[in-house]
Amino acid sequence: MSPAASTHSRNLRIAMIVLTVIGIGLATYLTYVHYAGIKPACTAGESCTKVQTSVYSKVAGVPVALMGLIGYIAILASLLAPQGENSRLATMALTLIGFGFSAYLTYRELFSIHAICEWCVSSAVILTILTCLSTWRFLRGEEAPAPAQSTAEHQAQAPLTPAS
Amino acid sequence: MPQVGNDEEDLTRKERREQARAQRKAVEEAEAARAVRRTRMTQLGIVVAIVVVAIVVIAVAAGGGGSSNHTVQKGSAREASTVSKVNAEIGGISQRGNVLGAATAPVTLVYFGDLECPVCREFTLTALPSLIQKYVRTGKLRVEYRSLETATREPETFKTQQIAALAAGAQNVMWNFIELFYNEQGQEDSGYVTEGYLSNLANQTTGLNKAKWEEDRHNPAYENAVTTDAQLANSNKFNGTPAFLIGRTGGKLQKLEEVSPSEASGFESAIESLLKK
């Protein structure tokens, strides 16, 4: 990979890691609030409490905040793993799952609970950005190596042939 | 000279060979890149399909809001069993207007609901029955039902259905009516609340004189009650349902927050602490 392409890929990955860490922070706070039974800080009145204590705040008895936290940690792990086709696929799949779930929860907030939790909306925004970036990154794959470097690599390998 | 001619011919042949090889390589690389793109698109499609299926399964399993299908067919056996269930739950408990429970009960819980709200349905069907059994039936708690428009899309429909409930309250069977409404709640935003639906609920409400109910529905006092409820909810900054106020009867009521509508435990601890006062 050319140095420019490599830098570009690295920056993209760093940006995704930063977003994921913010997501982990949000999900950790919401998980803590859930288990501590305290009221989440909220600028929109009681909306966050309403959402956090609604029947939709759990799926099969598991708080969605905890599921979010586990999801973000899995995304971070896929971003920190050695980069290749499989790790990019894993990141894309995990962010898509998170995005889908987050879209469903936003629908519930708007049409079933009739209250909006800004923490949840922030997480939904992060997941949307992460999904776009990871899907683009996966479909693009490794950036094509620069021709000059390809030739240089070929020449560097050439002297080995007579010796073998 | 012929030697030179051969060299040129060889060079041209070599160049052609290299050109052909380069072209073949380019075609192969392009084909390989296309294959990789196809594979990636397929993988993306599979992941998207799995996510969509998972979300649909969760939405169906969660029920309520968008996907509930618990509207009881008119005159069905299920309808009869709903009436029995409601009668068993609140039968024999004193009712007065919008209040369920003895006037002398030391603790008052004010329940703000929207009859079309699925989360209110969840509360009414899960946490509330045990509170009724444990505290209302034993004379420790009185529950006051008030309205706040949240889930109902049309303000006119909201007013009509709430006035229908309040008109049942004129005959002290409002709680039967609202319990039946929540039990038979239809799919959100499907426009299921029609005159026929309300009339059918009235038919099922034990102890309701239908003619008087129809008459009471035109009483302007109930329309005012809906406005008063909205003002009370607004003054408490409630913007979602169910919402609750709780306190000693006759004393100042406090907002009851941080409670899960599907679990009675949060309500129980608040009631217990008020009973000790």
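This is a walk through a predicted model, from the contact between chains A and B to one helix and then the sheet of chain B.

Residues are numbered from 1 along each chain as its sequence is written, while chains are lettered from A and ligands numbered from 1 in the order in which they are written. Because the model is predicted, local features need pLDDT of at least 70 and side-chain atom pairs count only at pLDDT 80 or more, whereas totals for chains, interfaces and linings use all residues.

**The contact between the chains**

Begin by selecting the two sides of the contact, to which chain A gives 30 residues and chain B gives 31 residues; two residues are in contact if their C-beta atoms, placed from the backbone, lie within 7 Å. On chain A, select α2 (47–52), α4 (85–113) and α5 (118–140), each of which supplies at least two residues of the side that touches chain B. The largest share of that side, 12 residues, comes from α4(A). Helices here are DSSP runs of H or I with at least four residues, and strands are runs of E with at least two, numbered from the N terminus.

**Chain B and helix α7**

Now show chain B alone, where the secondary structure comes to 10 helices and 6 strands. Of its 277 residues, 36% are buried, a residue being buried if 20 or more other C-beta atoms lie within 10 Å of its own, exposed if 12 or fewer, and partly exposed in between, with C-beta atoms placed from the backbone.

Select helix α7 (residues 195–204) of chain B, in which B:Leu198, B:Leu201, B:Ala202 and B:Gln204 are buried. Seen down the axis of α7(B), these buried residues fall within an arc of 165°, so they line one face of the helix; the arc is that of the directions from the helix axis to the C-beta atoms. The face turned away from the buried side carries the exposed residues B:Glu195 and B:Gly196.

**The sheet of chain B**

Next, select the 6 strands of the open, mixed sheet, whose order is β1-β2-β4-β3-β5-β6; two strands pair if DSSP finds at least two bridges between them. β1 (95–96) and β6 (254–256) of chain B stand at the edges with a single partner strand each, so one side of each is left without a neighbour in the sheet.

Move to strand β3 (residues 107–113) and strand β5 (residues 243–248) of chain B, which run antiparallel and are joined by 6 bridges. Here B:Val110 has B:Leu245 in β5(B) as its bridge partner, and B:Leu245 also stands opposite B:Lys255 in β6(B). Finish at the hairpin of β5(B) and β6(B), with 5 residues between the strands, where B:Gly250 in the turn has a positive phi of about 90°.
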